[in-house]
Amino acid sequence: MLAACRMIAVTNVTVSYGGGVLRKAPTVTALDNVSLSVKAGACHGLVGESGSGKTTLGRVLLGLVRPDRGSLVVGGLNPARLSRRETATFRRSVQCVFQDSGAVLNPRLSVGRSVREGLDIHRCGEPAERDAAVSRLFERVGLSQALASRFPHQLSGGQRQRVNLARALSLSPKILVADEPLSALDVSVQAQILDLFADIQRQTGLTIILITHDLKVAREICDTVSVLQAGQIVEQGGAAEVFAHPKHRYTERLVKSVPTPKFC
Ligand code: ADP
Ligand code: MG
């Protein structure tokens, strides 16, 4: 019963980056015996300093990096061992949003076409139904329909990140991996996009992996968190509990380093 509601199960995963073609560079162990379990519909934060392995773990979940050791099940499938049919299912059901909202979008496509791309590739419904789906997606992420004909460079960073989110949601995924989705945005826009993530999670029951170096962001939106240090998970648990009563010295140091507003 417990296993049935688990959307992600990572067991003893290790990832090393090799020393280049000539094996002259030292090998980096980016993840060292990492285990993780995320319930369906939860928002799980991966927090830690730069270089702690957050992005690598996100890429493992997306099937972009193959573990050296360990096993994983993501949305019922093992991304390291997919048949051709499973690959198509996996690509639909596990989507991602990255930090650099502009780099991901094709500069030659209007943002409306970009949002429609996945629906066209996967031949979802009739063309008119796809148009209607794009309109609904624009509405869901709070974008005016009038922006659909614009190109990425004609939008603000926040608007582009909304387009990326609409693209990611277009195929009704089960899991969304968001890697530092707010880091490139102004503080005021960060708050709006964070609210949008929370709304979408509530409305859709999506399982979200939120990768962030910003503890305030994780505290705001995550149900559970894993704290990474040098490729190892040093602490895991409910976000409120971990941040209020950190058990590991590294987590405590991270919590203390978050600036608190001073009122005078
Ligand atoms: P984070 O997202 O927490 O900043 P990363 O997962 O990007 O951490 O990186 C973890 C470690 O792996 C770092 O030491 C980083 O330099 C190294 N690393 C990441 N990607 C590569 C790569 N493609 N080749 C070699 N080393 C890498
Ligand atoms: Mg990273």
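Select Gly51 and ligand 1: a backbone N or O atom of Gly51 lies 2.6 Å from an oxygen atom of the ligand. This is a predicted model, in which local features need pLDDT of at least 70 and side-chain atom pairs count only at pLDDT 80 or more, while totals for chains, interfaces and linings use all residues. Residues are numbered from 1 along each chain as its sequence is written, chains are lettered from A and ligands numbered from 1 in the order in which they are written, and side-chain values use heavy atoms, with hydrogens and water left out.

Add Gly53 next, where a backbone N or O atom lies 3.1 Å from an oxygen atom of ligand 1. Then add Thr56, which places a polar side-chain atom 2.5 Å from an oxygen atom of ligand 1. Taken alone, ligand 1 exposes 560 Å², and the protein buries 58% of that (areas by the Shrake-Rupley method with a 1.4 Å probe).

Now show the whole shell around ligand 1 (residues with a heavy atom within 4 Å of it). The residues to select are Tyr17, Val28, Ala30, Glu49, Ser50, Gly51, Ser52, Gly53, Lys54, Thr55 and Thr56. By class, 3 are nonpolar, 6 polar and 2 charged (Ala, Val, Leu, Ile, Met, Phe, Trp, Tyr, Cys and Pro count as nonpolar, Asp, Glu, Lys and Arg as charged, and the others, Gly among them, as polar). Helix 1 gives the most to this shell, with 3 residues (helices are DSSP runs of H or I with at least four residues, strands runs of E with at least two, numbered from the N terminus).

Move to helix 7, residues 187-204. At 1.5 Å a residue, its 18 residues should span 26 Å, and its end C-alpha atoms are 26 Å apart, which agrees (the expected span is 1.5 Å times one less than the number of residues). Its buried residues include Val189, Ile193, Leu196, Phe197 and Ile200 (buried means under 20% relative accessible area, exposed over 50%, partly exposed in between, with a 1.4 Å probe and protein chains only). The buried residues of helix 7 pack against several elements, among them strand 3 (43-47), helix 5 (127-140) and helix 8 (215-221) (contact means heavy atoms within 4.5 Å). After helix 7 comes Gly205, with a positive phi near 70 degrees.

Two more residues to select are not glycines. Most residues other than glycine have a negative phi. Glu180, in the loop between strand 6 and helix 7, has a positive phi of about 50 degrees. Ala230, in the loop between strand 8 (224-229) and strand 9 (232-238), has a positive phi of about 45 degrees. Which of the two is buried, and which exposed? Glu180 is buried, with a relative accessible area of 11%, whereas Ala230 is exposed at 61%.

How values were computed. A polar contact is a pair of N or O atoms within 3.5 Å; within protein, one must be able to donate a hydrogen and the other to accept it, and residues adjacent in sequence count only if both atoms are side-chain atoms.
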